[in-house]
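Welcome, and please open your viewer. We will go from one selection to the next and see what is there.

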Amino acid sequence: MAFTFPDPSVSTTATHPETGITYQYADGMWSPVSVDAEDIDLEALAQRVASVEGVNTTQSEEIEQNEELLEPVNSALVNLQARLETIETLDVQSAVSALAIAQQDIIELKSKVNTLELTSFLILE
């Protein structure tokens, strides 16, 4: 558990709630002053530090994996944004008018093809 020392101008002593060690602020630094400071189980403390470091390593690896997974998603978003900008600049009314003209041209071409087929049939007779 993280422990934050108080402002020395407010209090010059502090007790760590988890370990029970009392510290005193003097000469610009906090120093342990309780007898418990000498009874600290360094092996247990080292195991806790190693455990936290293991968690940090695992989290770092997970972050790297997530970043790798996010790369294609980010790329897709950039592409979608570019496509959206293209669509936003499209004049819908002009596009509808162009489609109507194209439809009329197709109808006229179909009519001419039918006429040519009939003419061709009559010539062959």
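Start by selecting Leu-70, Val-73, Leu-77 and Leu-80: together they make a nonpolar surface patch of about 380 Å². Keep in mind along the way that the model is predicted.

Now stay with one member of that patch, Leu-80. Its place is in helix 1, which covers residues 42-88. Is Leu-80 buried, partly exposed or exposed? With a relative accessible area of 48%, Leu-80 is partly exposed, because that value falls between the 20% limit for buried and the 50% limit for exposed.

Next, zoom out and colour the protein chain by secondary structure. You should find two helices and three strands, and from the N terminus on they run β-β-β-α-α. Switch on the surface for a moment: the protein chain exposes about 10700 Å², and carbon and sulfur atoms supply 59% of that area. How many of the 125 residues count as buried? The share is 5%. If you like to look at contacts, take those between residues at least 6 apart in sequence; 8% of them join residues at least 24 apart.

For the next stop, select Arg-48 and Glu-18 and show their side chains. What joins them? They meet in a salt bridge, with 2.3 Å from N to O. The pair links distant parts of the chain, 30 residues apart: Arg-48 sits in helix 1, while Glu-18 lies in the loop between strand 1 (13-15) and strand 2 (22-26). Both ends of the bridge can be checked for exposure. Arg-48 counts as partly exposed at 42% relative accessibility, and Glu-18 likewise counts as partly exposed, at 38%. There is no need to hunt for others, as a search of the whole structure finds one salt bridge.

The last stop is for the aromatic rings. Select Phe-3, Phe-5, Tyr-23, Tyr-25 and Trp-30, which form one aromatic cluster. The structure holds five aromatic pairs. One of them is Phe-3 with Phe-5, an edge-to-face pair with 4.9 Å centre to centre and 75° between the planes. That pair is called edge-to-face because its planes are over 60 degrees apart.

Before you leave, turn the surface back on around these two rings. Phe-3 is partly exposed, with a relative accessible area of 23%. Phe-5 is partly exposed too, with a relative accessible area of 32%.

Note on methods: Residues are numbered from 1 along each chain as its sequence is written. This is a predicted model: local features need pLDDT of at least 70, side-chain atom pairs count only at pLDDT 80 or more; totals for chains, interfaces and linings use all residues. Side-chain values use heavy atoms; hydrogens and water are left out. Patches are made of residues with over 30% relative accessible area and no salt bridge: like charges are joined within 9 Å, nonpolar side chains (Val, Leu, Ile, Met, Phe, Trp, Tyr) within 5 Å. Accessible areas come from the Shrake-Rupley method with a 1.4 Å probe; for residues, only the protein chains shown count as cover. A salt bridge is a side-chain nitrogen of Lys or Arg within 4 Å of a carboxyl oxygen of Asp or Glu. Helices (H or I, at least four residues) and strands (E, at least two) are DSSP runs, numbered from the N terminus. Buried means under 20% relative accessible area, exposed over 50%, partly exposed in between (1.4 Å probe, protein chains only). Contact means heavy atoms within 4.5 Å. Rings of Phe, Tyr and Trp (its six-membered ring) pair if their centres lie within 6.5 Å; planes under 30 degrees apart count as stacked, over 60 as edge-to-face and the rest as tilted.
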